[in-house]
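Let's take a walk through the side chains of this one, looking at rings and charges and how they pair up. Have the model open beside you as you read.

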Amino acid sequence: MGEEIKEIDISVVSLTWNSEKDIEKFLKSITKDLETSNFFYEIIIIDNGSNDNTLKIIKEIQAINDNIVLIELGKNTGTTFSRNIGLKLAKGQYIYILDSDTEIPVGTTVKLMQAFSEIQSNKTGIICPQLVYPNGDFQESARRFPSFRSKLFRLLDLEEKRKKAESYEKVLDKELTVVNYAISAAWFFKKELLEVVGYLDENIFYAPEDAEFCARVWSKGYEVWYYPKAIIIHDCKRVTKKKPLSKLGIEHIKGLIYFWKKHKKFLKSFSEEF
């Protein structure tokens, strides 16, 4: 008789692009977390044309861990097209979207899985952990949907006005709460959600693909939850804020305009209810 084929519990989907400073730490941390908790897993990495040592490092780790799948695209295709490749390949019961500049402490995935029972809602869509910077400082990763005002306040560093426009007190106080959306540096959800919501919108190159996907999660009757008991380290680079008129910054502006047009009616009705 052949060897029994086990069902995959967790599919990790992550993107790389010149990620040599982060990728080894990421892969070692997520692998240790999943293996310590005895999950059967796969890690799907889609590389967007790295020209540093990223691929070399991944292949060295892949040589001793056959749970790692590497897809080389050869060029930077953005976040939606590339992530969708991983999402379509994923076989796990649960999907874990993680940025390659994250570090996952042991026990994190178990907490995120248990969150579905703790929240006690049959409409839980995405579970979003608390993110912190490498020095331990809190990172505000869950907010209200982006508006022109909130983006302007952010660009001008008008922090109090920005908070009033987009922040949740419960998120700032690190409390469990529903939120409009959370950044896609760390999402955890059941694969079946994709059957209802669909995949990431490839009309958006870079951002706000996270807000757009969460808008569809809500429009389909599901919820986005911020779960601060699970904490992930995120070495966030904030490229578009540092260089708002860079190529990536311009793509972000285009993505925002597309998002606002696509979800105009939904955003108006949702803001009145939420």
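## Charges and rings

Glu140, Arg143, Arg154, Glu159, Arg162 and Glu166 are wired into a network of salt bridges. Keep in mind that this is a predicted model.

Let's stay with that network and look at Glu166. It forms a salt bridge with Arg143, where the closest N and O atoms are 3.8 Å apart. Glu166 sits in helix H6 (residues 159–166) and Arg143 in strand E8, so this pair ties together parts that are 23 residues apart in sequence. Buried or exposed, these two, Glu166 and Arg143? Both are buried.

Glu166 also forms a salt bridge with Arg154, and there the closest N and O atoms are 2.4 Å apart. Here helix H5, which holds Arg154, is linked to helix H6, which holds Glu166, and the two residues are 12 apart in the chain. Arg154 and Glu166 are both buried too.

The structure holds 15 salt bridges, and another one worth a click is Lys229 with Glu118, with the closest N and O atoms 2.8 Å apart. Lys229 belongs to strand E12 (residues 223–234) and Glu118 to helix H4 (residues 108–119), so the bridge ties together parts that are 111 residues apart in sequence. Glu118 has 36% relative accessibility, so it counts as partly exposed.

Here are the three salt bridges just described, side by side.

| Salt bridge | Closest N and O atoms |
|---|---|
| Lys229 and Glu118 | 2.8 Å |
| Glu166 and Arg143 | 3.8 Å |
| Arg154 and Glu166 | 2.4 Å |

Now for the rings. How many aromatic pairs does a search of the whole structure find? It finds 12. One of them is Phe145 with Phe259: their ring centres are 6.1 Å apart and the planes sit at 50°, so the pair is tilted. Phe145 is in the loop between strand E8 (142–143) and helix H5 (148–155), while Phe259 is in helix H11 (residues 247–262), so this contact ties together parts that are 114 residues apart in sequence. Phe145 and Phe259 are both buried.

Phe266 and Phe270 make a pair as well, with ring centres 5.0 Å apart and planes at 25°, so this one is stacked. The cut-off behind that call is planes under 30 degrees apart. Why are Phe266 and Phe270 separated by about one helical turn? Because they are 4 residues apart in helix H12 (residues 264–273). Phe266 has 17% relative accessibility, so it counts as buried, and Phe270 counts as buried because its value is 8%.

These two pairs belong to something wider: Phe145, Tyr181, Trp218, Phe259, Phe266 and Phe270 form one aromatic cluster.

Charges and rings also meet directly. The charged end of Lys190 sits over the ring of Phe116, 5.0 Å from its centre. Likewise, Lys88 lies over the face of Tyr199, at 5.3 Å from the ring centre.

Last stop, the surface. Which residues form a nonpolar patch there? They are Phe148, Leu152, Leu155, Leu156 and Leu158, and together they have about 470 Å² of accessible area. Leu155 is found in helix H5, the helix that also holds the buried Arg154. With 47% relative accessibility, Leu155 counts as partly exposed.

Definitions and conventions. Residues are numbered from 1 along each chain as its sequence is written. This is a predicted model: local features need pLDDT of at least 70, side-chain atom pairs count only at pLDDT 80 or more; totals for chains, interfaces and linings use all residues. Side-chain values use heavy atoms; hydrogens and water are left out. Rings of Phe, Tyr and Trp (its six-membered ring) pair if their centres lie within 6.5 Å; planes under 30 degrees apart count as stacked, over 60 as edge-to-face and the rest as tilted. Buried means under 20% relative accessible area, exposed over 50%, partly exposed in between (1.4 Å probe, protein chains only). A charge sits over a ring if NZ of Lys or CZ of Arg is within 6 Å of the ring centre and within 35 degrees of the ring normal. Patches are made of residues with over 30% relative accessible area and no salt bridge: like charges are joined within 9 Å, nonpolar side chains (Val, Leu, Ile, Met, Phe, Trp, Tyr) within 5 Å. Accessible areas come from the Shrake-Rupley method with a 1.4 Å probe; for residues, only the protein chains shown count as cover. A salt bridge is a side-chain nitrogen of Lys or Arg within 4 Å of a carboxyl oxygen of Asp or Glu.
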